[in-house]
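I kept this notebook page for looking into the empty spaces and the helix packing of one protein. Please have the viewer open while reading along.

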Amino acid sequence: MGAFKVIPLVNEGLGNSAYLVDLADGRALAVDASLDLRALRVAAERRGLTVAYAADTHLHADFLTGALQLAASDGATVLAAAAGNREFPHRELADGDEIDLGGLTLRALATPGHTHEHIAFEVLDGRRVLGVFTGGSLLVGSAARTDLVSPERTEELARAQYRSLQRLAMLDDDVAVWPTHGAGSFCSAPPGTERMSTIGTERATNTLLRSENEDAFVKQLLDSLGSFPPYFMRLGEINRRGPALVRGDALPPVTVAEFARLQAAGVVVVDVRPVPDFAAGHVPDSVSIPLRPVFATWLGWLIDIDQPVVIVRNADQDPAEILWQTRNIGYDQITGELDGGMAAWASAGRPTASIPLVSPAALGDTQVLDVRQDSEFLSGHVPGARHIELGAVSSRVTGLPAQPIVVMCGHFERAMGAASLLARAGRTDVAVFRGGPQDWAAATGNSLEKGT
């Protein structure tokens, strides 16, 4: 057969890579494809490929699988671990099972740890292993977290993860490593630009793979675990049962009057416009979650996944992007969007609210609330800043001081999200810092504090 080709399809928002493998005969293998198949479709059509196989390395916690969608649309055979007990048609694989790809062989390799039923997929040409799809086992410079199945099994799975990585490390140096989780993933991947590697590189540079022993590995891995969105605890079971097929990408328009009625009935207004637009004027009590690659992550973190939502967007923002991002995390409660946007709302004489953006000079002695992740805060923050991760702001509003607050993050998107939540809770003395701690330090000449 001709040379096969592995095409990575990176989702910057989720921090993950799916893979389309051109089998050089008009067919393709998709690995860890999400429900949002738009990029995969473009890549397949460009190369004239039909997806014959859709393989999942594990029951994903951070996105819904697109394997069933590929089975329905392309007739793809779904490949997954027998230990996953999935409730939809698929070819069940155990350790060592092989699939003939028509010249190449795909071999399942049991690699529990990230999840209990995790498998990696080796690609073989004859007896030679060309590469391995490692999913959430061996990552570039790291290994995926082990606390997503259940808290009680975290250490057990961390020990399994150690053994899985040791097994993978026995492969030849030139074997390619194609992981699913990468930089930006809450499944525990370090920052960096590299998303693919080799066994030799990881053996030489991956500090987890070079741990002195199993106990040291477990401590290092568990000490690195940070917070993650609550929907992570829900999606694995949906993926086990099989997500529903979806179609269409339009947001139903909602008139101003109906929009106001829905909000009064408890439907949450999510404003996806850029921060300066939201700051200047927005529907009172709406939540700011700007449309960007990480939009869905923060929607799923800040808004209960069963809570109906109506959207406010600008005319130049793509409604399909909003819908596909939300579908990827199993969020299907989008009722519609404000017809005509904020211009229609204002023209109808409806009330608006605003949250000011402030510069370093405006901080003074004002209480700064830093809403970045723990690791970001520890690496450097404005002296005296109070710290609450954005995902925890709603639950800790009552503990904030009764004084003006300036909210800060790395830029200002998360900060405005937090400020909008505080405003929904009744705070009227909230502003957002235009920038981040480094901008404050550069403008004032003062040093940031490190640590707690």
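Which residues line the second largest cavity? I looked this up in a predicted model, and the lining turned out to be Gly-13, Leu-14, Asp-62, Ser-185, Phe-186, Cys-187, Tyr-231, Phe-232 and Thr-297.

**Entry 1: cavities**

I searched the whole structure and found two cavities of 30 Å³ or more. The second largest cavity holds about 40 Å³ of space. I sorted its lining by class and got five nonpolar residues, three polar ones and one charged one.

I then turned to the largest cavity, which has about 60 Å³ of space. Its lining includes Ser-288, Ile-289, Pro-290, Arg-292 and Val-294. Further along the chain I noted Phe-295, Trp-298, Leu-302 and Leu-390, as well as Glu-413, Arg-414 and Gly-417. Two helices, α9 and α13 (413-424), each supply at least two residues of this lining. The class count here is seven nonpolar, two polar and three charged.

**Entry 2: the second largest pocket**

Next I looked at an open space, the second largest pocket, and noted a volume of about 430 Å³. I counted 28 residues around this pocket, and those nearest its centre are Val-10, Asn-11, Ser-34, Asp-36 and Asn-328. The elements that give two or more residues to the lining are the strands β1 (5-11) and β2 (16-22) and the helices α1 (38-47), α9 (295-302) and α10 (319-328).

Which element gives the most to this lining? I found that α10 does, with four residues. By class, the pocket lining splits into 14 nonpolar, nine polar and five charged residues.

**Entry 3: α9 against α10**

Both of these helices had come up at the pocket, and I wanted to see how they pack. Their axes lie 8 Å apart, and the angle between α9 and α10 is about 55 degrees. α9 is therefore oblique to α10. I noted a right-handed crossing for α9 and α10.

For the contact itself, I listed Phe-295, Ala-296 and Leu-299 on the α9 side, and Ile-322, Gln-325 and Thr-326 on the α10 side. This contact has four nonpolar residues, two polar ones and no charged ones. I also flagged Phe-295 because I had met this residue in the lining of the largest cavity.

**Entry 4: α3 against α5**

My last look was at another helix pair. Helix α3 (residues 154-168) and helix α5 (residues 214-223) have axes that come within 9 Å and cross at roughly 120 degrees. That crossing angle makes α3 and α5 oblique to each other. The handedness of the α3 and α5 crossing is right-handed.

Which residues of α3 meet α5? I wrote down Thr-154, Glu-155, Ala-158, Arg-159, Gln-161, Tyr-162, Arg-163 and Leu-165. Their partners in α5 are Glu-214, Asp-215, Phe-217, Val-218, Leu-221 and Leu-222. By class, the contact of α3 with α5 has seven nonpolar, two polar and five charged residues.

How values were computed: Residues are numbered from 1 along each chain as its sequence is written. This is a predicted model: local features need pLDDT of at least 70, side-chain atom pairs count only at pLDDT 80 or more; totals for chains, interfaces and linings use all residues. Side-chain values use heavy atoms; hydrogens and water are left out. Axes are lines fitted to C-alpha atoms, for helices over the stretch in contact, and angles run from 0 to 180 degrees between N-to-C directions. Angles under 35 degrees count as roughly parallel, over 145 as roughly antiparallel, 65 to 115 as roughly perpendicular and the rest as oblique. A crossing is left-handed if the near helix is turned anticlockwise from the far one by less than a right angle, and right-handed if clockwise. Contact means heavy atoms within 4.5 Å. Ala, Val, Leu, Ile, Met, Phe, Trp, Tyr, Cys and Pro count as nonpolar, Asp, Glu, Lys and Arg as charged, and the others, Gly among them, as polar. On a 1 Å grid over the protein atoms alone, a cavity is a set of points where a 1.4 Å probe fits but cannot get out, and a pocket is an open set with protein on both sides within 12 Å along at least five of seven lines; lining residues have an atom within 4 Å of a point. Grid points are joined across faces, edges and corners, and a volume is the space filled by probe spheres set on the points.
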